[in-house]
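Hi,

Here is the structure I said I would pass on. Have a look at it first, and then read my notes below.

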Amino acid sequence: QVQLVESGGGLVQAGGSLRLSCAASGSIFRVNAMGWYRQAPGKQRELVAIITSGGSTEYADSVKGRFTISGDNAKNTVSLQMNSLKPEDTAVYYCKGVISTTRLPIYVDSWGQGTQVTVSS
């Protein structure tokens, strides 16, 4: 079983910064990728940023140039530095890990509980 725990959400004014962190623990054999998704009220969950174990990254167009994702393979952690925050960034942010618990190349998505980010105008 795998657990993902997020931290770092909160309330910030527009133009401010926040840093989210996520740590994966449990029966982890290999982490293929970790990332961040968000879900605003009344909207579908969407990809914010993801980083593979090899260091490749992908960002949503809406956050490019403002958000930076980083990971630590040895610690199974991922962070999201969010700068120049806008009210439209307000959402619950979820950490996701693409993780195998055995030597077999079978990867399963594991999710954290989510952390609220609120950006006031």
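**Sheet and pocket**

Let me start with one strand pair: S7 and strand S8 (residues 77-82) run antiparallel and are joined by six bridges. Within that pair, Gly 71 sits opposite Val 78 of S8. Do keep in mind that this is a predicted model.

Zooming out, the pair belongs to an open sheet of four strands, with antiparallel pairing and the order S1-S3-S8-S7. The edge positions go to strand S1 (2-7) and strand S7 (67-72); each has a single partner strand, so one side of each has no neighbour in the sheet. From one strand to the next, the twist averages 15°.

Now for the pocket. The largest one has a volume of about 190 Å³. Its lining is made up of 15 residues, and those closest to the centre are Val 31, Thr 52, Ser 53, Asp 72 and Asn 73.

Which strands supply at least two residues each of that lining? They are strand S4 (30-39), strand S5 (46-52), S7 and S8. So you'll meet S7 and S8 again here, after seeing them paired with each other through six bridges. S4 gives the most to the lining, with four residues.

As for the chemistry of the pocket, the lining residues divide into six nonpolar, seven polar and two charged.

If you open the model, you could begin at Gly 71 and Val 78, which stand opposite each other, and then go on to the residues closest to the pocket centre, Asp 72 and Asn 73 among them.

Cheers

Terms used. Residues numbered from 1 in each chain as written. Predicted model: local features only at pLDDT ≥ 70, side-chain atom pairs only at ≥ 80, totals over all residues. Heavy atoms only, no water. Pairing = 2+ DSSP bridges. Axes fitted to C-alpha atoms, helices over the stretch in contact; angles between N-to-C directions. 1 Å grid on protein atoms, 1.4 Å probe; cavity = no way out; pocket = protein on both sides within 12 Å on 5 of 7 lines; lining within 4 Å. Points joined across faces, edges and corners; volume = space filled by probe spheres on them. Nonpolar A, V, L, I, M, F, W, Y, C, P; charged D, E, K, R; others polar.
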